[in-house]
Amino acid sequence: MPVRLPFRPRRDAYPPDLWTKCPSCAEMLFNKQLDKSLRVCPHCGHHFRIPAKVRIAHLVDSGSFMERDADLQPVDALGFVDLKPYPDRLVAAQLSTGLRDAAVWGTATIGGRPVSLCVMDFGFIGGSMGSVVGEKVARAGEAAIAERIPLIIVSSSGGARMQEGTYALMQLAKTMAIVERVKAASVPYLSVLADPTTGGVFASFAVVGDVNIAEPNALIRFAGDRVSAGTISEELPPGYARAEFWFSHGFVDRIVARAHLRDEIIALLGFLIAPPLNGIGEPIAAGAFKPRSFLSALTGALSGDGSPDSRNGESNGSRGEAPRG
Amino acid sequence: MVDRLLGRPHAEGKPESPTAEVWAHVQQARNLKRPHTLELVKVMADEFIELHGDRLFGDDSAIVAGLARIDGRRIVVIGFQKGQDTEENIRRNFGLPHPEGYRKAMRIMEMAERFAMPVLTFVDVQGAFPGAAAEERGIAEAIARSVGLMSRLRTPIVVVITGEGGSGGALGLAVGDVVLALENSIYSVISPEGCAAILWRSAEQSAQAAVAMKVTAAEQLEFGIVDAVIPEPGEGAHTDPAETARRIRGVVIEHLDSLGRLSVDDLVEARFKRYRAYGPYTVADRPSAPVERPGIAHRLRGLISTRRSMPRFTRTPRTGPSGREEV
């Protein structure tokens, strides 16, 4: 069994636990400091990809996340073998990520409000969507409808998982059918597009949020380079298919730096959740206003600055300013 | 198999490899002379009025749509339209649709719902147009919304895959109550070329990718993605387009009849359940141990626990970076 022992460091590699080189500005970053800045480069604002569990810890109220369906396990229905068999890829990904598949879902509170949260993990076979990821998105949506709590999906995925063939393609239909029901039930759905959100995930639930939020400079794209190579030979301009490109083309509502994402979600939920009704179908005035002031106070306390322009999508969107907020 | 389908005697002394057989099937599905939506409708319908434009940006000639009368029924027909010669192909962008095509389809599907007309779609597309013009006008959004609309449209939808059913571009018009496929058609999550380019890092392995993805209509029937396969006449649909259209017509009318007997609520609920159920998975006996950073201790622990918790995998688990895929 080829167990790769970590005794011999690779050439040019720093001890993996200490330093990370920023791929954008080439700055050497001390990992502990990088973790403190939510894995955003303090120099250039580059947003590193983060595992699902880290993302969840950033977003939810501490200790409130209850994972559901962690035991869903993908199967190799096609007997798929490319350069190595699909089950081997699954085991390798499971070992390196500690997850069973590329999505984690559960319920949590964010700013005191219960939500149904599903987060994808790019580290697991490129965050690709097979039957288990589709099922988890679907169950997150169903829980949102059943409990009438907002649905939040954080996407980070290369698209549909080819090794599951047309079953993976059907996950687009499965997740969209659920999202349509979420919308019909007037349950808010926030879609967060992290780097990268491409292929079948972008072309299904990720693009149709009530509010679409993208992380700065996230790659968001339907047709990948390798897919369109050979089919179409077009020169692509720099910055093509990045979050800012989609902002200017009208498919993303806001570009929000990671440090502000939680506050942004809290603020949006404050608007999208209808205040509770009293017996005669009118909003309860006190109930409608109390949480807002409570939330504003909480928001200010958490972010350290309560200035309203810290939620301005355009200024947050520029990469230079992002981590300093 | 292809030889048998085409009624040819098997090439003597040189049996075709299974890979070559599947690749021949893929080529058959792509045959330029296969009938596309307009050719089929011309034979199937007594009357057809094509409608144009998405009311937002333009008209996409790679997707055609219109009102048809078939066997006395008013229906809406929507389908992909490849060209049959170079000139028509250039005009129709080689059958690769832009977002306007899907938005036109959605507009007309909503109209079908309002006027209680069943929807019939013909699917034959390699994939949505992968260029910048389609991307920046939101091909992903158009496909997502079209899939979502079809999953809840309150009128019967019959889908016929007539050639290539290529990835999200095909699915954008392929969500329905009944999904039929012509014998030599294919249906896949990504084109064999795209799959080979990503997983094998070489487009030359396309045939192998087609085999691995089990793209043929017969295999998709086994998976339950396709409900019935319609046999093609002679040596394939391209040899007798009119007979192909007549065969499709018969099966489609049959299904429109049976779908018409359901209440709209039952119909939509059954369609939802169908797509909700797709995709096999199992429930593992215990959750895997969380690994923060894979050091040697973690790896060894992982290897031991993998053996215990995942007896399904009989192959020796290998460590190493997993491939990253995108579609």
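Begin by selecting Asn93(B), a buried residue with 20 other C-beta atoms within 10 Å. Since 20 or more such atoms count as buried, Asn93(B) with its 20 meets that cut-off. The model on the screen is a predicted one. Asn93(B) sits in the loop that runs between helix 4 (86-91) and helix 5 (99-114) of chain B. Its phi is near 55°, a positive value in a residue other than glycine. Most residues other than glycine have a negative phi.

Next, remain in chain B and select Lys214(B). Where does Lys214(B) lie? Its place is the loop between helix 10 (206-212) and helix 11 (217-223) of chain B. Lys214(B) is not a glycine, yet it has a positive phi of about 50°. Lys214(B) is buried, because 22 other C-beta atoms lie within 10 Å.

Now turn to chain A as a whole. Its secondary structure consists of eleven helices and eleven strands. Of the 325 residues in chain A, 53% are buried. Among contacts in chain A with a separation of 6 or more, 68% are between residues 24 or more positions apart.

Select helix 4 of chain A, residues 131-147. At 1.5 Å a residue, its 17 residues should span 24 Å, and the C-alpha atoms at its ends are indeed 24 Å apart, so the two values agree. Is helix 4 of chain A mostly covered or mostly uncovered? It is mostly covered, as twelve of its 17 residues are buried. Colour the buried ones, including Val132(A), Val133(A), Val137(A), Ala140(A) and Ala144(A). In an α-helix there are 3.6 residues a turn, so residues three or four places apart point the same way. Just after helix 4 of chain A, select Arg148(A), which takes a positive phi of about 50°.

The tour then moves to the strands. Select strand 8 (residues 189-198) and strand 9 (residues 211-214) of chain A, which run parallel and are joined by four bridges. Within this pair, Val192(A) stands opposite Ile213(A) of strand 9. Add strand 11 (residues 254-255) of chain A, which runs parallel to strand 9 and is joined to it by two bridges. Which residue of strand 11 is the bridge partner of Ile213(A)? The partner is Arg254(A).

Finally, return to strand 8 of chain A and select Pro196(A), which lies in that strand. The peptide bond joining Asp195(A) and Pro196(A) is cis, with omega about -15°. Most peptide bonds are trans.

Terms used. Residues numbered from 1 in each chain as written. Chains lettered and ligands numbered in written order. Predicted model: local features only at pLDDT ≥ 70, side-chain atom pairs only at ≥ 80, totals over all residues. Contact = placed C-beta atoms within 7 Å. Expected span 1.5 Å × (residues − 1). Pairing = 2+ DSSP bridges.
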